[in-house]
There are 2 protein chains.
Amino acid sequence: MSDAPLETPFVRHLVRQVRAQDSYGVWEGKPDEELLAPFIVTRAQRREMPIIADPDPDLLARVEQFYAAVGLALEEATGLLGAPLMSLNHEGFGRVLMTTGRLVVLNLYLRDINRFGFESLSVLADKGAGLVDEARAMIERFPEVARA
Amino acid sequence: MSDAPLETPFVRHLVRQVRAQDSYGVWEGKPDEELLAPFIVTRAQRREMPIIADPDPDLLARVEQFYAAVGLALEEATGLLGAPLMSLNHEGFGRVLMTTGRLVVLNLYLRDINRFGFESLSVLADKGAGLVDEARAMIERFPEVARA
């Protein structure tokens with residue numbers, strides 16, 4: 001069971017997002033779990049991170065990869081791609097909207113972007129899958145808007 | 001007729017947005033037309049502006065004021081506030097989504113943000129009013145989603 005999170009649709013899409021940035025092939029031999037290691041932030045690590053600081057580009061890339069993977073897993077589940085739009089202020093607070101056609105499938109307020117991360121791989125997998133489920137429920141509620 | 005654009009709902013909201021940033025009262029005596037002058041960019045001025053450059057904060061503030069005014073004029077017209085979310089890359093390309101409830105009322109792709117501006121006050125007024133009309137038409141098409 002310990003490798004189950006890596007087999008979920010959301011995490012597979014996330015791994016693909018991370019590997020897509022490997023322009024020089026340096027991660028080719030790396031296992032998926034190692035590639036996802038920067039997404040895992042334990043409670044103890046979190047306590048040592050600053051709340052307010054200019055988010056670094058690698059962190060912003062991870063946040064973008066995370067929501068892109070949600071949108072792609074949504075497409076796998078529903079046939080409709082979720083397009084994320086993220087807006088962050090320089091203190092790491094912000095919003096993510098994910099849209100499908102004319103429908104807002106996710107409307108998220110982000111805080112503490114500098115502490116972005118998950119306790120474990122299974123928490124990461126659950127969180128991603130939960131967002132996909134939430135977006136899918138919104139599509140089922142307003143299917144014609146999602147296709148408009 | 002020459003002052004008519006200043007009397008339109010959209011332009012009145014835009015003036016209010018600009019005046020709201022006047023924390024120190026330095027623009028109190030200034031006429032509206034003077035406050036809106038930075039929004040007016042003639043074709044000749046445009047040609048002299050760089051296409052790709054880091055947008056300066058004043059310019060970004062104007063773009064945000066413009067879309068905030070669209071959202072507020074939409075509220076005046078429909079009772080539903082349009083909330084803009086803007087995402088720009090550092091080269092001045094980007095997107096604006098305006099949402100009302102769960103509905104995307106505007107989905108705009110921006111180019112050339114460094115050249116943001118309008119030929120004249122009446123072009124500015126028409127452009128703003130046109131976006132309000134477009135957003136209103138989308139609300140009329142999917143009223144229950146706009147209230148979700």
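In this predicted model, the contact between the two chains takes 20 residues from chain B and 21 residues from chain A. Chain B and chain A bury about 1700 Å² between them. Carbon and sulfur atoms account for 64% of that area. The size of an interface is often given in this way, as the accessible area lost when the parts come together. On the chain B side, the greatest losses of area to chain A fall on B:L85, B:R102 and B:V104. Together these residues supply 40% of what that side buries. Zero salt bridges are found across the interface of chain B and chain A.

Salt bridges do occur in the structure, which holds 10 of them over all chains. One joins the side chains of A:E34 and A:K30, with an N to O distance of 3.9 Å. Both partners can be placed on the accessibility scale. A:E34 has 42% relative accessibility, so it counts as partly exposed. A:K30 has 30%, and it too counts as partly exposed. In chain B, the side chains of B:K30 and B:E34 also meet in a salt bridge, at 3.9 Å from N to O. B:K30 is partly exposed at 30% relative accessibility. B:E34 is partly exposed at 43%.

A further salt bridge in chain A links A:R115 with A:D112. Here the closest N and O atoms are 4.0 Å apart. A:R115 has a relative accessible area of 17% and is therefore buried, since buried means under 20%. A:D112, with a relative accessible area of 22%, is partly exposed. This salt bridge thus pairs a buried arginine with a partly exposed aspartate.

A:D112 also stands out in its backbone. Its phi is positive, about 60 degrees, although the residue is not a glycine. A:D112 lies in the loop between β3 (103–110) and α5 of chain A. In chain B, B:D112 has a positive phi of about 55 degrees, and it is not a glycine either. B:D112 is placed in the loop between β3 (103–110) and α5 of chain B. At 22% relative accessibility, B:D112 counts as partly exposed.

The packing of helices was examined next. Two packed helices are described by the angle between their axes and the distance between the axes. In chain A, the pair consists of helix α1 (residues 9–20) and helix α5 (residues 121–141). Their axes come within 8 Å and cross at roughly 100 degrees. α1(A) is therefore roughly perpendicular to α5(A), because angles of 65 to 115 degrees fall in that class. On the α1(A) side, the contact is made by A:F10, A:V11 and A:L14. On the α5(A) side, A:L124, A:A125, A:G128 and A:A129 take part. By class, the contact of α1(A) with α5(A) has six nonpolar residues, one polar residue and no charged residues.

Chain B has a contact between its own α1 and α5. Helix α1 (residues 9–20) and helix α5 (residues 121–141) of chain B have axes that come within 8 Å. The axes cross at roughly 100 degrees. α1(B) and α5(B) are therefore roughly perpendicular to each other. From α1(B), B:F10, B:V11 and B:L14 meet B:L124, B:A125, B:G128 and B:A129 in α5(B). The residues of this contact divide into six nonpolar, one polar and no charged.

One residue in helix α4 of chain B was followed individually. B:Q65 is found in this helix, which spans residues 57–78. B:Q65 has 8% relative accessibility and so counts as buried. Leaving aside residues up to four places away in sequence, B:Q65 touches B:L14, B:Q17, B:V18, B:Q21 and B:F39. One of these, B:L14, is also among the α1(B) residues that meet α5(B). B:Q65 and B:R16 are 49 residues apart along the chain. Their C-alpha atoms are nevertheless separated by 9.2 Å.

Conventions:
Residues are numbered from 1 along each chain as its sequence is written. Chains are lettered from A and ligands numbered from 1 in the order in which they are written. This is a predicted model: local features need pLDDT of at least 70, side-chain atom pairs count only at pLDDT 80 or more; totals for chains, interfaces and linings use all residues. Side-chain values use heavy atoms; hydrogens and water are left out. Buried means under 20% relative accessible area, exposed over 50%, partly exposed in between (1.4 Å probe, protein chains only). Axes are lines fitted to C-alpha atoms, for helices over the stretch in contact, and angles run from 0 to 180 degrees between N-to-C directions. Helices (H or I, at least four residues) and strands (E, at least two) are DSSP runs, numbered from the N terminus. Angles under 35 degrees count as roughly parallel, over 145 as roughly antiparallel, 65 to 115 as roughly perpendicular and the rest as oblique. Contact means heavy atoms within 4.5 Å. Ala, Val, Leu, Ile, Met, Phe, Trp, Tyr, Cys and Pro count as nonpolar, Asp, Glu, Lys and Arg as charged, and the others, Gly among them, as polar. Buried area is the accessible area (1.4 Å probe) that two parts lose on being put together, summed over both.
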